[in-house]
Amino acid sequence: MISLKDVKDAKERISAIAHVTPILQSEQLSKICGNQMFLKSEHLQKTGSFKIRGASNKVIHTIENGAKYVTAASSGNHGQAVAYIANKYGVPATIVVPENVSTCKVNAIQAYNGKVEMCGTTSGERLPRAQAIADQEKGVFIPPYDDPFIMAGQGTIGLEILNQVENVDVIIVPIGGGGLISGILTAIKETNPNIKVIGVEPELANDTYLSLQNKKITAINAAATIADGLRTNQPGDLTFPVLEKYLDDMVLVSEDEIRQAFSFILERTKQLIEPSSATTIAAAMFNKLNIQGKNIVTVISGGNVDLDKVHQYIVTTTR
Ligand SMILES: *Cc1c(COP(=O)(O)O)cnc(C)c1O
């Protein structure tokens, strides 16, 4: 299991790469939620999501150990992040994406000089291909979440929250494979265990929720949610034990609640965030936590949205 020291080491390693992202506040949101809301704004992070933190920590460490080629299997934010950091260090990267990938995602990877290879439509097809390219090129495959360096890198968000917000009561974090929340849990619980950390998943991608209930890793098909960053089918072998040890609670949000939160944030705060990140706002807006009058930090994990899909996310808010 990773420790606070791994997260602190990650902070050092990535300090020249990742931004310390701002905390945004909205009086209207705080009023609606009945809590003081602080938005840790990783949609304003380099490459548009927090994934640059873990990817940088892993890729820099890998290069320091002699790697001259990296690969990843990702249709989204992790692929962009790996391409960005590899390019920064002058190491070639191949990102394996699904055949139905959107043009804007391909463009983003190519803008960082990443090589894009299309393979199948499922992660079950992409992963072995990215592994095979890494083997063939004597390079290193960079996993999206189930890796100590990835987890520690994502955990640096926790250290920043502790510096930026006084008297934090609760932190809400979206869960895909669990790299983000396991890093944050390590940073927070090994510094101030009184701060509650709560995970959120879409109802349609509740693999971690079920796994915690069943007390063992449980797989589902999570492809149906609009929160595309949370479509992972099961928690990771390394991330899940950290959740079992430290996580205070988990809540689920519906697709309609995600859309309402997305629309509220866009309309009222003028911030374009991903549906994956809107889950944390939805959890607070629809009072899933049953708490009032507290200081709540929501992790806005990213802002990469295909503009031609935005109309599918917008609903007229009744608030
Ligand atoms: C990857 C991702 C997540 C989920 O992170 P995990 O480490 O897989 O739990 C959440 N939001 C966004 C925007 C992401 O890109």
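Which unit do S3, helix H4 and S4 make? A right-handed β-α-β unit. I'll come back to that. One caution before we go on: this is a predicted model.

Let's start at the ligand. There are 15 residues around the ligand, and the nearest are Lys51, Asn77, Gly176, Gly178 and Ser301. By type, the shell holds nine polar residues, four nonpolar and two charged.

Now the polar contacts. Lys51 places a polar side-chain atom 2.8 Å from a ligand oxygen. Asn77 also has a polar side-chain atom 2.8 Å from an oxygen of the ligand. Gly177 uses its backbone: an N or O atom there lies 2.8 Å from a ligand oxygen. How much of the ligand does the protein bury? Alone, the ligand exposes 380 Å², and the protein buries 96% of that.

Next, the strands. Take S4, residues 93-97. Are its residues buried or exposed? Five of five are buried. Look at the two directions. Ala93, Ile95 and Val97 point one way. Thr94 and Val96 point the other way. Both sets are buried. In numbers, buried means under 20% relative accessible area.

S4 has partners in S3 and S5. S3, residues 70-73, runs parallel to S4, and four bridges join them. Within that pairing, Ala72 has Ile95 as its bridge partner. On to S5, residues 115-118: four bridges join S4 to S5, again in parallel. Here Val97 stands opposite Met118, and Thr94 has Lys115 as its bridge partner.

As a general reminder, strands of a sheet pair through backbone hydrogen bonds, in a parallel or an antiparallel way.

Back to the opening question. The path from S3 to S4 includes helix H4, residues 77-88, in that right-handed β-α-β unit. Asn77, from the ligand contacts, falls within the residue range of H4. Then there is a further unit. S4, helix H5 and S5 make a right-handed β-α-β unit too, with H5 covering residues 103-111.

Put the strands in order. What is the order in this open sheet of four strands? S5-S4-S3-S6, with parallel pairing. Why is one side of S5 and of S6 left without a neighbour in the sheet? S5 and S6, the latter at 140-141, stand at the edges, each with a single partner strand, so one side of each has no neighbour there.

Now over to S2, residues 36-41. This strand is mostly covered, with five of six residues buried. S2 pairs with S1, residues 23-24, over two bridges, and these run antiparallel. Leu24 has Leu39 as its bridge partner in S2. S2 also pairs with S10, residues 295-300, in the parallel sense over six bridges. In that pairing, Phe38 has Val297 of S10 as its bridge partner.

Last stop: Ser277. Where does Ser277 sit? In helix H12, residues 275-285. Ser277 is buried, and its relative accessible area is 0%. Its side chain reaches the backbone nitrogen of Gly302 at 2.9 Å.

To wrap up, three points to check on screen. At the ligand, look at Lys51, Asn77 and the backbone of Gly177. In the sheet, look at S4, with five of five residues buried. In H12, look at Ser277 and its reach to Gly302.

Definitions and conventions: Residues numbered from 1 in each chain as written. Predicted model: local features only at pLDDT ≥ 70, side-chain atom pairs only at ≥ 80, totals over all residues. Heavy atoms only, no water. Near = heavy atom within 4 Å. Polar contact = N/O pair within 3.5 Å; in protein donor to acceptor, adjacent residues only side chain to side chain. Areas by Shrake-Rupley, 256 points an atom, 1.4 Å probe, with all protein chains shown as cover. Nonpolar A, V, L, I, M, F, W, Y, C, P; charged D, E, K, R; others polar. Buried < 20%, exposed > 50% of the residue type's maximum accessible area, 1.4 Å probe, protein only. Pairing = 2+ DSSP bridges. Right-handed = clockwise from strand over helix to strand, strands pointing away.
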